[in-house]
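Welcome, and please open your viewer. We will go from one selection to the next, looking at what is there each time.

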Amino acid sequence: MNPFRWTFRMQCLAGFASCAALIGFAIFSQFAWGLEPCPMCIFQRIAFAALGLVFLVAGLHAPRSGGGRAVYGVLGFLAAAVGMAIAGRHVWIQHNPPEIPGCGPPLSFLQETMSTGNVIRKVLTGSGDCGSVDWTFLGLSMPAWSLVWFVLLAVLFVTAAFMRRRRRSYR
């Protein structure tokens, strides 16, 4: 039952299922509990979706060569690293909120009035609503849990892609 002994395909499909479940929980908490996501939360969802997509494609393809797995491992790690950076910045903003908290304009307004690069820069600087903690579980906020999951999924992908497996003989 050790996931590190599963096949590459099973590890990738489990990673995809984890990403889908995490996005599903975020959407559930938004609509059932009324927790409105801030712009950084939206970007974390996008990072989970990108990571889940890499997991899914890798799981469906399931290359036998080490080179093919390495490509997926690097792509998966990059997607997870982007998510770790966004979630880490979000946790930092929550621990060091801005002096004057204030809600910025909605993401749709930013997209209509700014270039894509400026929207990303504006969102990643965080606003007052990014600094508030509306939900915790075991003492960690939702962005902190996202950071934990990005790290765990990155470790899963890297070990799945780069760990050599011993062939078992079933005689």
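A crossing of two helices is called left-handed if the near helix is turned anticlockwise from the far one by less than a right angle. Keep that in mind for the stops below. The model on your screen is a predicted one.

**Stop 1: the whole protein.** Show the cartoon first. The protein has seven helices and two strands. Follow the chain along its sequence and you will read the pattern α-α-α-α-α-α-β-β-α. Of the 171 residues, 34% are buried. Among contacts with a separation of 6 or more, 80% join residues that lie 24 or more positions apart.

**Stop 2: H1 and H7.** Select residues 8-32, which form helix H1, and then residues 142-162, which form helix H7. The axes of H1 and H7 are 9 Å apart, and the angle between the two helices is about 170°. An angle over 145 degrees counts as roughly antiparallel, so H1 and H7 are roughly antiparallel to each other. Here is a crossing of the kind defined above: H1 passes H7 in a left-handed way. Now show side chains. On the H1 side, the contact includes Phe 8, Cys 12, Leu 22 and Phe 25. On the H7 side, look for Met 142, Trp 149, Leu 153 and Phe 157, among others. By class, the residues of this contact of H1 with H7 are 12 nonpolar, four polar and no charged.

**Stop 3: H2 and H7.** Keep H7 and add residues 39-61, which are helix H2. How do H2 and H7 run, roughly parallel or roughly antiparallel? Their axes come within 12 Å and cross at roughly 20°. That makes H2 roughly parallel to H7. The crossing of H2 with H7 is left-handed. In H2, the residues that meet H7 include Phe 48, Leu 51 and Phe 55, while their partners in H7 include Trp 149, Phe 150 and Leu 153. The contact of H2 with H7 counts 12 nonpolar, two polar and no charged residues.

**Stop 4: along H2.** Try the distance tool on the end C-alpha atoms of H2: they are 33 Å apart, which agrees with the 33 Å that its 23 residues should span at 1.5 Å a residue. Then click on Ala 62, which follows H2 and has a positive phi, near 45°.

**Stop 5: Val 148.** Go back to helix H7 and pick Val 148. Is Val 148 buried or partly exposed? Its relative accessibility is 32%, so Val 148 counts as partly exposed. Finally, add Gly 88: Val 148 and Gly 88 are 60 residues apart in sequence, and their C-alpha atoms are 9.6 Å apart in space.

Technical notes. Residues are numbered from 1 along each chain as its sequence is written. This is a predicted model: local features need pLDDT of at least 70, side-chain atom pairs count only at pLDDT 80 or more; totals for chains, interfaces and linings use all residues. Side-chain values use heavy atoms; hydrogens and water are left out. Axes are lines fitted to C-alpha atoms, for helices over the stretch in contact, and angles run from 0 to 180 degrees between N-to-C directions. Helices (H or I, at least four residues) and strands (E, at least two) are DSSP runs, numbered from the N terminus. Angles under 35 degrees count as roughly parallel, over 145 as roughly antiparallel, 65 to 115 as roughly perpendicular and the rest as oblique. Contact means heavy atoms within 4.5 Å. Ala, Val, Leu, Ile, Met, Phe, Trp, Tyr, Cys and Pro count as nonpolar, Asp, Glu, Lys and Arg as charged, and the others, Gly among them, as polar. Buried means under 20% relative accessible area, exposed over 50%, partly exposed in between (1.4 Å probe, protein chains only). The expected span of a helix is 1.5 Å times one less than its number of residues.
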